[in-house]
Amino acid sequence: MLTIVFDLDGTLIDTAPDLIDTLNFTLSQQGLPTVPYNDARPLIGGGARGMIERALIVEGRNASAADVDALYTPFVAHYADHIADRSRPFPGLEPVLDRLAAAGHRLAVCTNKLEWLSKRLLEALQLGERFAAICGQDTFGIQKPDPQIFRATVMRAGGAPERAIMVGDSLTDIRTARAANVPVVAVDFGYTDVPVATLGPDRVISSFAELPAAIDALAAVKNVMDDQAFIGQKG
């Protein structure tokens, strides 16, 4: 049994439409220029503050902590009310979650989104009950790529950190997995501004239908490495 830990935005759910709508609504309310959709999509990740900060920088605006704070509260309030207006699971997600659960794996979510927003989104999409743990940046006061948020998420799900795999879409997810010393599968339909394959994940998938085979392959490699390490210790 493995604990399979998923990133949320850009991995499980295509949240870009609602996040970008919220970003542009918030900017316009403050008399600031909006960000075109294709320019805003790679800004997602790192939580709302990170998205706001990067949006201000893209537009050549001051992005001090005070400037970000002024936009953060109205952003979260508007987003909470429109969290699943247009956000949807990526194609093929639910059958694969069923298949992984049937194989005995634990499923969890580790995201830099706030925990309550993450739960609200997944519950609105009727996915919340599929995950043994849903943890955000505020759950433990830690954000990815700090590996402790990953380990704490796995343990909250009832798993063991050494028997876990990360599934994500970004450099942050890959760095988290590397720091936690676990394999990582990257989806190539997420929100990075460079091809995710260039960021060094262990496997890249283009659809969720490819995920079970990727996990099986990585689990087999990890089992061999664990056996070799055990033999080395015994020797």
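Angles under 35 degrees count as roughly parallel, over 145 as roughly antiparallel, 65 to 115 as roughly perpendicular, and the rest as oblique. Axes are lines fitted to C-alpha atoms, for helices over the stretch in contact, and angles run from 0 to 180 degrees between N-to-C directions. Helices (H or I, at least four residues) and strands (E, at least two) are DSSP runs, numbered from the N terminus.

Before you start: this is a predicted model, where local features need pLDDT of at least 70, side-chain atom pairs count only at pLDDT 80 or more, and totals for chains, interfaces and linings use all residues. Residues are numbered from 1 along each chain as its sequence is written, and side-chain values use heavy atoms, with hydrogens and water left out.

**Exercise 1. Work out how helix 1 and helix 3 are oriented to each other, and what their contact is made of.**

Step 1: get the geometry. Helix 1 covers residues 16-29, and its axis sits 11 Å from that of helix 3, at an angle of about 60°.

Step 2: apply the cut-offs. The two helices are therefore oblique to each other.

Step 3: look at who touches whom (contact means heavy atoms within 4.5 Å). Helix 1 brings Leu19, Ile20, Leu23 and Leu27, while helix 3 offers Met51, Ile52, Ala55 and Leu56.

Step 4: sort them. Ala, Val, Leu, Ile, Met, Phe, Trp, Tyr, Cys and Pro count as nonpolar, Asp, Glu, Lys and Arg as charged, and the others, Gly among them, as polar. The tally for this contact is eight nonpolar, no polar and no charged residues.

**Exercise 2. Do the same for helix 3 and helix 4.**

Step 1: their axes come within 9 Å and cross at roughly 125°.

Step 2: helix 3 and helix 4 are therefore oblique to each other.

Step 3: from helix 3, the contact uses Ala48, Arg49, Met51, Ile52, Glu53 and Leu56; from helix 4, it uses Asp67, Val68, Asp69, Leu71, Tyr72 and Phe75.

Step 4: that contact splits into eight nonpolar, no polar and four charged residues.

**Exercise 3. Now try helix 4 and helix 6.**

Step 1: helix 6 spans residues 115-124, and its axis comes within 10 Å of the helix 4 axis, crossing at roughly 20°.

Step 2: that makes helix 4 roughly parallel to helix 6.

Step 3: Val76, Tyr79, Ala80 and Asp81 of helix 4 meet Trp116, Leu117, Arg120 and Leu121 of helix 6.

Step 4: by class, you get six nonpolar, no polar and two charged residues here.

**Exercise 4. Find a cis peptide bond and a positive phi, and place each in a loop.**

Step 1: recall the usual picture. Most residues other than glycine have a negative phi, and most peptide bonds are trans.

Step 2: check the peptide bonds. Lys144 and Pro145 are joined by a cis one, with omega about 15°. Pro145 belongs to the loop between strand 5 (133-135) and helix 7 (147-156).

Step 3: check phi. Gln126 has a phi near 60°, a positive value in a residue other than glycine. You'll find Gln126 in the loop between helix 6 and strand 5.
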